[in-house]
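Here are some worked exercises to do with the model open beside you. Try each task before reading its solution.

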Amino acid sequence: EISEMSERSKQNVAHGLAWSYYVGYLKIVLPRVKNSLEEFSRANPHMLVCRETWKLHILVPLSCDIYDDLEKADSNIQYLTDLPETTLTRAGTKKRIYKHSLYTIRDEDKLWHCAVEYATPLQSLYAMSQDECAAFSREDRLEQAKLFYRTLEEILKGSKECAGTYRLIVYKEPGEAETHFLSREILWHLWQQRHEEYAVNVGNQPHSPSTTLNSTELNLQISESDLPQPLRSDCL
């Protein structure tokens, strides 16, 4: 009964995508991110000056609309280089390569550098909403994007291996096109992390982007009984 309810409401889609993303990717790469940034910093000592930003910044647009090229999303975001890669043998593939890209984020008076990428499972949610066979509406997609974020957030909070290695940046695109809203979103998160390490003048704090969402806005209005449940008889 619970499985059928989850199927009808499509709650298991985002739940499964979040766990797959974590187990099949984030749990592998996140524990190694700081080592890659450390190696890059030794070769480029004046670029990554704030260790608090030595994380993988994961973009979570609730529209699920993802750009393959971040530079096309916002001209204030420019590709700099790739971080040192990790090579592992996984699922029968010899020497599978995992790597992240470092970007320059242009502020009005300075340049910031950080590793940033989209949460790729959102591409699947977007593709499902475009495929008639999936019977997946735009409203379904939005609710699934929210559930994906909240599920992923909970998974990562409970992961000791990934602690302090990531920053989730969830946002809702503005109704009217804004040329540099994405760079401002990232800059705000970078500033917050820097503020955690250094005491800075409050008057210099950038304005919180209007697209940043709080926990109230991400409330899915789903009861505990409607959520996917463990497949164990002793849980009844």
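Helices (H or I, at least four residues) and strands (E, at least two) are DSSP runs, numbered from the N terminus. Please keep in mind that this is a predicted model.

**Exercise 1. Place C64 and A91, and decide whether each is buried or exposed.**

Step 1: Locate C64. This residue sits in the loop between strand 1 (56-61) and helix 3 (70-73).

Step 2: Look at the backbone. C64 has a phi near 65 degrees, which is a positive value in a residue other than glycine.

Step 3: Apply the cut-off. Buried means under 20% relative accessible area. C64 has 1% relative accessibility, so C64 counts as buried.

Step 4: Repeat for A91. The loop between strand 3 (86-90) and strand 4 (93-98) holds A91. The phi of A91 is near 50 degrees, again a positive value in a residue other than glycine.

Step 5: Apply the other cut-off. Exposed means over 50%. Because its relative accessible area is 81%, A91 is exposed.

**Exercise 2. Describe the overall fold and say how many helices and strands the protein has.**

Step 1: Count the elements. The secondary structure comes to 6 helices and 7 strands.

Step 2: Put them in order. Starting at the N terminus, the elements run α-α-β-α-β-β-β-β-β-α-α-β-α.

Step 3: Ask how much is buried. Of the 236 residues in the protein, 41% are buried.

Step 4: Ask how far along the chain the contacts reach. Among contacts with a separation of 6 or more, 71% are between residues 24 or more positions apart.

**Exercise 3. Find out which residues Y21 is in contact with beyond its neighbours within four places in sequence.**

Step 1: Place the residue. Y21 is in helix 2.

Step 2: Judge its exposure. With a relative accessible area of 4%, Y21 falls under the cut-off and is therefore buried.

Step 3: List the partners. Leaving aside neighbours within four places in sequence, Y21 is in contact with L26, I58, E117, Y118, A119, T120, P121, F148 and L152.

Step 4: Take one partner further. Y21 and T120 are 99 residues apart along the chain, yet their C-alpha atoms are separated by 8.2 Å.

**Exercise 4. Check the length of helix 5 (residues 138-157) and look at some of its residues.**

Step 1: Work out the expected span. At 1.5 Å a residue, the 20 residues of helix 5 should span 28 Å.

Step 2: Compare with the model. The end C-alpha atoms of helix 5 are 29 Å apart, which agrees.

Step 3: Pick out buried residues. Those in helix 5 are R141, Q144, A145, K146, L147, F148, Y149, T151, L152, I155 and L156.

Step 4: Follow I155. Its relative accessibility is 8%, so I155 counts as buried. Not counting residues up to four places away in sequence, I155 touches A18, W19 and Y22. The C-alpha atoms of I155 and A18 are separated by 8.3 Å, with their positions 137 residues apart along the chain.

Step 5: Turn to D140, which also lies in helix 5. At 25% relative accessibility, D140 counts as partly exposed. Its C-alpha atom is 9.2 Å from that of L125, and the two are 15 residues apart along the chain.

Step 6: Cross to helix 4 (residues 121-130), where A127 is found. A127 has a relative accessible area of 42% and is therefore partly exposed. From C-alpha to C-alpha, A127 and R141 are 9.7 Å apart in space and 14 residues apart in sequence.

**Exercise 5. Describe the largest cavity: which residues line it?**

Step 1: Count. The model has 1 cavity of 30 Å³ or more, and about 50 Å³ of space lies in the largest cavity.

Step 2: Name the lining. It is made up of V29, R32, V33, S36, P84, E85, T86, Y98, K99 and H100.

Step 3: Sort the lining by class. There are 4 nonpolar, 3 polar and 3 charged residues.

Step 4: Trace the lining to its elements. Helix 2 (residues 11-43) gives the largest share, 4 residues.

**Exercise 6. Decide where to read the model with care: over which residues is the pLDDT below 50?**

Step 1: Start with the whole protein. The mean pLDDT is 81, and 76% of the residues reach 70 or more.

Step 2: Find the weak stretches. Over residues 199-204 the pLDDT is below 50, and this stretch has 3 contacts beyond near neighbours in sequence. Residues 221-236 also have pLDDT below 50, with 15 such contacts in the model.

Step 3: Draw the conclusion. Where pLDDT is low, the predicted coordinates should not be read in detail.

Definitions and conventions: Residues numbered from 1 in each chain as written. Predicted model: local features only at pLDDT ≥ 70, side-chain atom pairs only at ≥ 80, totals over all residues. Heavy atoms only, no water. 1 Å grid on protein atoms, 1.4 Å probe; cavity = no way out; pocket = protein on both sides within 12 Å on 5 of 7 lines; lining within 4 Å. Points joined across faces, edges and corners; volume = space filled by probe spheres on them. Nonpolar A, V, L, I, M, F, W, Y, C, P; charged D, E, K, R; others polar. Buried < 20%, exposed > 50% of the residue type's maximum accessible area, 1.4 Å probe, protein only. Expected span 1.5 Å × (residues − 1). pLDDT = per-residue confidence, 0-100. Contact = heavy atoms within 4.5 Å.
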